[in-house]
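Reader: I should like to learn how to read the features of a protein model. May we go through them in turn?

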Amino acid sequence: MRATSLGASHCPVTALSLGGAALGNLFTPLSDETARGAVDAAWEAGIRSFDTAPHYGLGLSERRMGQALRGRPREAYTLSTKVGRILEPRDGGGDDLAAGFAVPAAHRRRWDFSADGVRRSIESSLERLGLDRVDIVYLHDPDDHAEQALREAYPALERLRSEGVVRAIGAGMNRTGLLTRFLRESDVDAVLCAGRYSLLDQEAADALLPEAAARGKSVVVGGVFNSGLLADPRPGATYDYAAAPPELVERALKIKAVCAAHGVPLRAAALAFPLRHPAVAGVLVGARSAAEVSDAAAHFEASVPDALWEELGL
């Protein structure tokens, strides 16, 4: 599968990456075997870029991702994780469903974009992963912590990059304005933009993507299905992790009809669309089983005619 280096770094990402939120039991639990099967299927499909975070299942995604990748040649794949949330042990029962993950609430998340927090977070991630390094570290959802992230967390990542501890650094969130600010005010290699460059939402095209292109930086696009609506548009489908409004369902169904008229599955068009922009290095897709990974990989390889984009006005 085609790979592109992020920004000026020598850190490659494949055009399709596997996101690890579902491997942390996002919404519903899955077994260790099912999670391992998803990573194995991604490898068989040629995917060599994998993304996780402490937030996903209170570290469960990192543990599962590390276990699945540990036997692979370390130089053969790119692994990204994130900083900004420290996991601290907590007493008591309960679960983590309030945060969206079906796991026991054995830890609490504490926001920490300090320099010390960045190093502590990476050390803990490496322990959970069972690996000696990660390739990319993203500042994770610094929405309400922008000043500390820029003043303390980013310089800490820059030092780690200069020391060779990580190969590339960036920021990941779904707010394009703040991601654009990171491009302008720091020397990140890439930004991970979730949900804001899809068939239904092209907000990233206003400033973020032009800024990245002008500065020679890369954008990795997540959320191309907008959390479900563009995978299977129907009443009750989710959009940005909530029930999709009827008008958005109608828009998605119209896009699906145009795709069908050109003989293209909607999911194939959703995966192909972001990569038409020169600043986009890759698309990140979450999956919770081998079947879902294989489906995404197959649709990713589908051919999409220019006439489809013309009819959609894209």
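Author: The discussion below takes up the strands, then the helices. Please keep in mind that this is a predicted model.

Reader: How should I read the pairing of strands, and in which sense do the strands of the barrel pair, parallel or antiparallel?

Author: In general, strands of a sheet pair through backbone hydrogen bonds, either parallel or antiparallel. Here, 8 strands form a closed barrel with parallel pairing, in the order β3-β4-β5-β8-β9-β10-β11-β14. From one strand to the next, the twist averages 25°.

Reader: How many bridges join β11 to β14?

Author: Strand β11 (residues 218-222) and strand β14 (residues 280-286) run parallel and are joined by 4 bridges. Within β14, Val-283 is the residue opposite Val-221. Elsewhere, strand β4 (residues 49-51) pairs with β5 in the parallel sense over 3 bridges, and Phe-50 stands opposite Leu-79 of β5. For β8 and β9, the parallel pairing extends over 5 bridges; Ile-136 has Ala-168 in β9 as its bridge partner.

Reader: Which residues of β5 point to one side and which to the other?

Author: Thr-78, Ser-80 and Lys-82 lie on one side of β5, with Leu-79, Thr-81 and Val-83 on the other, and all are buried. Strand β5 is thus described as mostly covered, with 6 of its 6 residues buried. Strand β9 (residues 168-173) also has 6 of its 6 residues buried. In β9, Ala-168, Gly-170 and Gly-172 point one way, while Ile-169, Ala-171 and Met-173 point the other way.

Reader: Which strands does helix α3 touch?

Author: Helix α3 (residues 115-129) packs on the sheet and touches β5 (78-83) and β8 (136-140). The direction of α3 makes about 135° with that of β5.

Reader: How is the packing of one helix on another described, and what are the values for α2 and α3?

Author: Two packed helices are described by the angle between their axes and the distance between the axes. Helix α2 (residues 60-69) packs with α3 at an angle of about 50°, and their axes are 7 Å apart. Because of this angle, α2 counts as oblique to α3. On the α2 side the contact is made by Glu-62, Arg-63, Gly-66 and Gln-67, and on the α3 side by Ser-125, Arg-128 and Leu-129. By type, the residues of this contact comprise 1 nonpolar, 3 polar and 3 charged.

Reader: How may the buried side of a helix be recognised, and which residues of α9 are buried?

Author: An α-helix has 3.6 residues a turn, so residues three or four places apart point the same way. In helix α9 (residues 290-300), the buried residues are Val-293, Ala-296, Ala-297, His-299 and Phe-300. They lie on the same side of α9, because they cover an arc of only 165° around the axis. Ala-291 and Ala-298 are exposed, on the face turned away from the buried side of α9. The buried residues of α9 pack against β3 (16-19), α1, α8 (266-272) and β14.

Reader: Is Ala-38 buried or exposed?

Author: Ala-38 belongs to helix α1 (residues 32-44). Its relative accessibility is 0%, so Ala-38 counts as buried. Beyond its neighbours within four places in sequence, Ala-38 is in contact with Leu-18, Leu-23, Arg-288, Ser-289, Ala-290 and Val-293. Ala-38 and Val-293 are 255 residues apart along the chain, yet 6.2 Å separates their C-alpha atoms.

How values were computed
Residues are numbered from 1 along each chain as its sequence is written. This is a predicted model: local features need pLDDT of at least 70, side-chain atom pairs count only at pLDDT 80 or more; totals for chains, interfaces and linings use all residues. Side-chain values use heavy atoms; hydrogens and water are left out. Two strands pair if DSSP finds at least two bridges between them. Helices (H or I, at least four residues) and strands (E, at least two) are DSSP runs, numbered from the N terminus. Axes are lines fitted to C-alpha atoms, for helices over the stretch in contact, and angles run from 0 to 180 degrees between N-to-C directions. Contact means heavy atoms within 4.5 Å. Buried means under 20% relative accessible area, exposed over 50%, partly exposed in between (1.4 Å probe, protein chains only). The arc is that of the directions from the helix axis to the C-beta atoms. Angles under 35 degrees count as roughly parallel, over 145 as roughly antiparallel, 65 to 115 as roughly perpendicular and the rest as oblique. Ala, Val, Leu, Ile, Met, Phe, Trp, Tyr, Cys and Pro count as nonpolar, Asp, Glu, Lys and Arg as charged, and the others, Gly among them, as polar.
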